[in-house]
Amino acid sequence: MEGTGGDRDRHVGRRTLLIGGLGAAAGAAALGRGVWDHLSGGGKPHENGAVDFAGAQWAAASPANYRPADRPHDYAIDRVVIHTVQGSYAMALRVFADPAHAAAAHYVVRRDGKVAQTVRELDVAFHAGNRAYNERSIGIEHEGFVDRASSFTDAMYRSSARLTADICTRYGIPVDRQHIIGHVEVPGADHTDPGPYWDWAWYVRLARKARERSGT
């Protein structure tokens with residue numbers, strides 16, 4: 001999980017507001033969400049409660065923790081980045097909803113396999129600590145700790161693998177280790193997640209099987 005200040009996109013947003021003044025921010029609010037999304041590059045509707053993965057429950061991140069976009073129209077999506085929360089599912093949802101946290105992933109997966117979506121896939125979530133990777137990837141957090149093998153349950157692996165397979169199918173992403181990566185593998189990352197106990201070989205096999213079962 002990224003901490004405060006983990007993505008330069010957030011600082012750009014703050015600087016823009018400072019330069020433009022509070023009047024510009026108030027004006028954008030008056031326009032309404034749909035018009036603001038269009039002006040800020042988000043050509044698709046940002047419907048409250050809408051999810052991209054059928055099995056997910058919506059749990060909105062703060063708008064301060066992502067950037068509205070129109071992916072893959074404006075940024076091609078070719079990576080899935082795997083994270084470990086270093087805490088609980090509930091904690092992840094709580095901090096992603098906090099505008100001071102400066103970070104959020106698109107999804108959070110609980111130990112029992114429950115999936116929450118906190119940022120729409122068309123938007124750029126601040127999860128990888130690297131602006132270019134944020135723009136090209138979808139981030140998935142997993143409840144638990146990098147140094148506890150018990151964090152990564154069978155239910156979690158299988159649910160997350162179905163999610164990754166679904167993402168890869170929709171965006172034409174190969175299901176392999178070049179395109180499904182850990183946070184630790186993001187250039188410039190100072191994080192170690194998902195950690196040494198994450199079973200990459202099994203996870204990729206599960207994702208491939210899930211994709212095969214979907215017939216794509």
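**View 1. Thr118 sits in a loop between two strands.**
A residue counts as buried when its relative accessible area is under 20%. In this predicted model, Thr118 has a relative accessibility of 2%, so it counts as buried. You will find Thr118 in the loop that links strand S5 (115-117) with strand S6 (124-125). Its side chain reaches the backbone oxygen of Ala105 at 2.5 Å. Leaving aside residues up to four places away in sequence, Thr118 touches a set of neighbours that includes Trp58, Leu93, Phe96, Ala105 and His106. Also on that list are Ala59, Ala60, Ala61 and Val108.

**View 2. Six strands form an open sheet with mixed pairing.**
Following the sheet across, the strand order is S1-S5-S4-S7-S3-S8. Strand S1 (56-58) and S8 are the edge strands, each pairing on one side only. From one strand to the next, the twist averages 30°. At the S1 end, S1 and S5 run parallel and are joined by three bridges. To find your place there, look for Ala56, which stands opposite Val115 in S5.

**View 3. Strand S3 pairs with S7 and with S8.**
As a reminder for this view, strands of a sheet pair through backbone hydrogen bonds, either parallel or antiparallel. S3 runs parallel to strand S7 (residues 137-142), and four bridges join the two. With strand S8 (residues 180-182), S3 again pairs in the parallel sense, here over three bridges. Val80 is a handy landmark: its bridge partner in S7 is Ile138, and in S8 it stands opposite Ile180.

**View 4. Strand S3 (residues 79-82) is covered on both faces.**
In a regular strand, side chains alternate between the two faces of the sheet. Here, Arg79 and Val81 lie on one side of S3, while Val80 and Ile82 lie on the other. Which of these four are buried or exposed? Arg79, Val80, Val81 and Ile82 are all buried.

**View 5. Helices H6 and H7 meet the strands of the sheet.**
Helix H6 (residues 154-171) packs on the sheet, where it touches S3, strand S4 (107-109), S5, S7 and S8. The direction of H6 makes about 175° with that of S7. Helix H7 (residues 200-213) lies across S3 and S8. Relative to S8, H7 runs at about 150°.

**View 6. Pro72 and Pro194 each follow a cis peptide bond.**
Look for Pro72 in the loop between strand S2 (66-67) and S3. The bond leading from Arg71 to Pro72 is cis, and its omega is near 0°. Pro194 is found in another stretch, the loop between S8 and H7. There, the bond from Asp193 to Pro194 is cis, with omega near 15°.

**View 7. Gln86 and Ala102 have positive phi values.**
For Gln86, phi is near 65°, a positive value in a residue other than glycine. Gln86 belongs to the loop between S3 and helix H4 (89-96). With a relative accessible area of 38%, Gln86 is partly exposed. Ala102 also has phi near 65°, and it too is a residue other than glycine. The loop that holds Ala102 runs between H4 and S4. Is Ala102 buried or exposed? Its relative accessible area is 0%, so Ala102 is buried.

How values were computed: Residues are numbered from 1 along each chain as its sequence is written. This is a predicted model: local features need pLDDT of at least 70, side-chain atom pairs count only at pLDDT 80 or more; totals for chains, interfaces and linings use all residues. Side-chain values use heavy atoms; hydrogens and water are left out. Buried means under 20% relative accessible area, exposed over 50%, partly exposed in between (1.4 Å probe, protein chains only). A polar contact is a pair of N or O atoms within 3.5 Å; within protein, one must be able to donate a hydrogen and the other to accept it, and residues adjacent in sequence count only if both atoms are side-chain atoms. Contact means heavy atoms within 4.5 Å. Two strands pair if DSSP finds at least two bridges between them. Axes are lines fitted to C-alpha atoms, for helices over the stretch in contact, and angles run from 0 to 180 degrees between N-to-C directions.
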